[in-house]
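Biologist: Please take one small part of this model and look at it closely for a first-year student, moving outward from there step by step. Explain each term when it comes up.

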Amino acid sequence: MPNVSPGAPFSEKYEILSELGSGSNGTTYRAREIASGRPLILKHIPVPASQSQVQALIFSGAAGSEEEVQHYYERSVAELETELALGEKLTGSACYLPFRDHQIDRRENEVGFDVYLVADFCQTLPTFLADHEITVLDALNLGLDICDCLTTLHENGLLFR
């Protein structure tokens, strides 16, 4: 079992099955909803990524104390919650895979938060392409779908550059 442990109610609703990958923005897991057995993706984003970032902010003079750093991360998490609320506007859109659930746990004995995001499990494009030959017509239709999605995101204030 992977080494991630969201607090309740997440720990009661979702079972983490395996790690799919990790990067600078967190770790993604294959999971399932316990009640229905539905396959899901759970992403864990530690904010900050490490406690050395907290010490670096203090050492550099960017923050005077751990309390100031905690307030900084509180603002960061509030911005994430605003972004999640914007995404809810697109629920049901063919171009947007919304997070079906999220939870933000404040760390008890150190500065920061653990953010957990849950989405439906979807096959990735590289996985699909490994099993299917794609024609020129398929590629053109995919490009048109991407353009439609970008337009929808822009119209809903989620894409601005």
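Modeller: The side chain of Glu-33 makes a polar contact, at 2.5 Å, with the side chain of Ser-36 (a pair of N or O atoms within 3.5 Å, one able to donate a hydrogen and the other to accept it; residues adjacent in sequence count only if both atoms are side-chain atoms). The model is a predicted one, in which local features need pLDDT of at least 70 and side-chain atom pairs count only at pLDDT 80 or more, while totals for chains, interfaces and linings use all residues. Residues are numbered from 1 along each chain as its sequence is written, and side-chain values use heavy atoms, without hydrogens or water.

Glu-33 belongs to strand 2, which covers residues 26-33 (strands, E, of at least two residues and helices, H or I, of at least four are DSSP runs numbered from the N terminus). Setting aside neighbours within four places in sequence, Glu-33 is in contact (heavy atoms within 4.5 Å) with Lys-13, Tyr-14, Arg-38 and Leu-40.

Turning to the partner strand, we find that strand 2 and strand 3 run antiparallel and are joined by six bridges (strands pair if DSSP finds at least two bridges between them), and that Arg-32 stands opposite Pro-39 of strand 3. These strands are part of an open sheet of five strands, which follow the order 1-2-3-5-4 with antiparallel pairing. Strand 1 (14-23) and strand 4 (99-106) each have a single partner strand and stand at the edges, so one side of each has no neighbour in the sheet.

Strand 3 also leads us to the largest nonpolar core, which has 13 residues, and among these Val-47, Val-69, Tyr-73 and Val-115 touch the most other members (a core joins buried Ala, Val, Leu, Ile, Met, Phe, Trp, Tyr and Cys through side-chain atoms within 4.5 Å; buried is under 20% relative accessible area, exposed over 50%, partly exposed in between, with a 1.4 Å probe and protein chains only). Strand 3 (39-47), helix 3 (66-88) and strand 5 (113-120) are the elements that give two or more residues to this core, and helix 3 supplies the largest share, five residues. Val-47, leaving aside neighbours within four places in sequence, is in contact with Tyr-73, Val-77, Arg-107, Gly-112, Phe-113 and Val-115. Apart from this core lies another, of 10 residues, which include Val-4, Leu-40, Tyr-116 and Val-118, and here we return to our starting point, for Leu-40 is one of the residues in contact with Glu-33.
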